[in-house]
Amino acid sequence: MSAPATTIFTVMTALAEETGAINLGQGFPDEDGPSLVVEAAVAALRSGTQNQYAPLGGVAPLRAAVLDHQRRRYGLEPEDVQVTFGATEALASALLGLLSPGDEVVVLDPVYDSYPAIAAMAGATLRRVALHPPDWRLDPEEVRAAIGPRTRMLLLNSPHNPTGRVLDRAELEAIAALCVEYDLIAVTDEVYEHLVLDTDREHIPLATLPGMEQRTLTISSVGKTYSLTGWKIGWASGPAELVGAVRSVKQFLSFAGGTPLQHAAAAALGAGDGLPGELAVALRGKRDRLSAGLTAAGFAVLPSQGTYFVCADADPLGHPDAEALCLRLPHEAGVVAIPISAFVSDPAGETRSLLRFAFCKRESVLDEAVQRLVAWAG
């Protein structure tokens, strides 16, 4: 197998560094997370007892905190938890542990760029189901059409990166029914579970729907929920058999680590839903702030219901090729964005003119980016 291609994030981050542009391409906050959580990490570092290898499964307090979170918030009763270096390692371990060469995986398109690379490492093939702009709504019949005799898994991401779409109950019930009908394993990437920004929306874990708890591996992390993306503390929870498959691979990747940060993540989850709720409110204001600025610059802004991201159409500005525009914007406007074409199977299709902007930045940074884009567009 050939080596995976360089990711769009590597390319655009390098451009940001080269040009000094404001990086609204990569989804990381430019402020620290809650002091309560940071201080818990400091205390763990200074404890003298929490700086060595963690157990393979993760430290006991974090595993217990994840189980409690799933019960308290969603009424789920996972049989096991595996702590990982971020959600990406959990996803990689899941696909490598549960798939065989020739298996097929149904995913939503646009799809986060690590999914195709991980599937290729497992020898599996992606079957993509398009979310169509501007509302990014899922058509269950397109999901059914993507399922074939070699389909073993459905890999679901909601709230969805890069579109910001939060799938509703009807869409999720249709997915659940198809998983049961075709006896599919579901792996859900729920790292933005607490960052649903519209008050008329809610995050509904697929595992909570009829017939799904025993066939769903749920993946999340502390990074997005608490603005601590550099910590890379994630987890997979669910039935013992599925979590065991993750653990069987994880032991040969990083085995264990980040011990003090695992203890701090346990403290974060143990603090309840107040901190994530405050972040969601702040992000809602930032989303609206950036969306208004992009509109003022002449972009057509698509709705975003969650995550760190908002998509905008550059076609009204006379730029139908977002990839070419993203390569020019750092030089011409001093702003970095990501083309949605990097996440789709058909870069020349209906998303060709769409860009993704991250709004998880300080308001002053967002305002400066908007000023630059307005000046560029004018």
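Setting aside neighbours within four places in sequence, Gln262 is in contact with Ala54, Gly58, Val59, Leu62, Val83, Ile233 and Gly257. This is a predicted model, and the contacts described here are computed from its atoms. Gln262 belongs to helix H9, which runs over residues 259-270, and with a relative accessibility of 3% Gln262 counts as buried, because the limit for that class is under 20% relative accessible area.

The next residue to consider is His263, which is also found in helix H9. Once neighbours within four places in sequence are left aside, His263 is in contact with Ala44, Gln50, Val59 and Pro61; Val59 is likewise one of the residues that Gln262 contacts. As a reference for distance across the model, the C-alpha atoms of His263 and Val180 are separated by 37 Å, and these two residues stand 83 residues apart along the chain.

From the helix one can turn to a strand. Ser237 lies in strand E8, which covers residues 233-238, and Ile233, one of the contacts of Gln262, is the residue at which that strand begins. Ser237 has a relative accessibility of 3% and so counts as buried. Not counting residues up to four places away in sequence, Ser237 touches Val66, Gln70, Pro78, Asp80 and Val81, together with Thr216, Leu217, Thr218 and Val243.

Pro34 offers a view of a loop, namely the one between strand E1 (22-23) and helix H2 (35-46). Its relative accessible area is 21%, and Pro34 is therefore partly exposed, since buried residues must fall under 20%. With residues up to four places away in sequence left out of the count, Pro34 touches Tyr226 and Leu275. Looking back along the chain, Pro34 and Asn23 are 11 residues apart in sequence, while their C-alpha atoms lie 23 Å apart in space.

The cysteines deserve a separate look. A disulfide would require a pair of cysteine sulfur atoms within 2.5 Å, and by this rule the count comes to zero disulfides. Cys311 is in no disulfide, as the nearest cysteine sulfur, that of Cys326, is 11 Å away. In the same way Cys326 is in no disulfide, the nearest cysteine sulfur being that of Cys311, at 11 Å. Both environments are described by accessibility: Cys311 is buried, with a relative accessible area of 1%, and Cys326 counts as buried at 0% relative accessibility.

These local views can now be set against the whole protein, which has 12 helices and 13 strands. The radius of gyration is 20 Å, close to the 21 Å that the globule rule gives for 378 residues, so the protein is as compact as a globular protein of that length. Along its principal axes the C-alpha trace spans about 55 × 55 × 45 Å. Of the 378 residues, 57% count as buried, and Gln262, Ser237, Cys311 and Cys326 are examples of buried residues.

Contacts within the chain can also be sorted by their separation in sequence: among those between residues at least 6 apart, 77% join residues at least 24 apart. The accessible surface comes to about 14,700 Å², and 52% of that surface belongs to carbon and sulfur atoms. As for charge, the protein carries 29 positive and 45 negative charges, and the mean positions of these two sets are 3 Å apart.

Key:
Residues numbered from 1 in each chain as written. Predicted model: local features only at pLDDT ≥ 70, side-chain atom pairs only at ≥ 80, totals over all residues. Heavy atoms only, no water. Buried < 20%, exposed > 50% of the residue type's maximum accessible area, 1.4 Å probe, protein only. Helix = DSSP H or I, 4+ residues; strand = E, 2+ residues; numbered from the N terminus. Rg over C-alpha atoms; globule rule 2.2 N^0.38 Å. Contact = heavy atoms within 4.5 Å. Areas by Shrake-Rupley, 256 points an atom, 1.4 Å probe, with all protein chains shown as cover. Lys, Arg positive; Asp, Glu negative; His and termini not counted. Charge placed at Lys NZ, Arg CZ, Asp CG, Glu CD.
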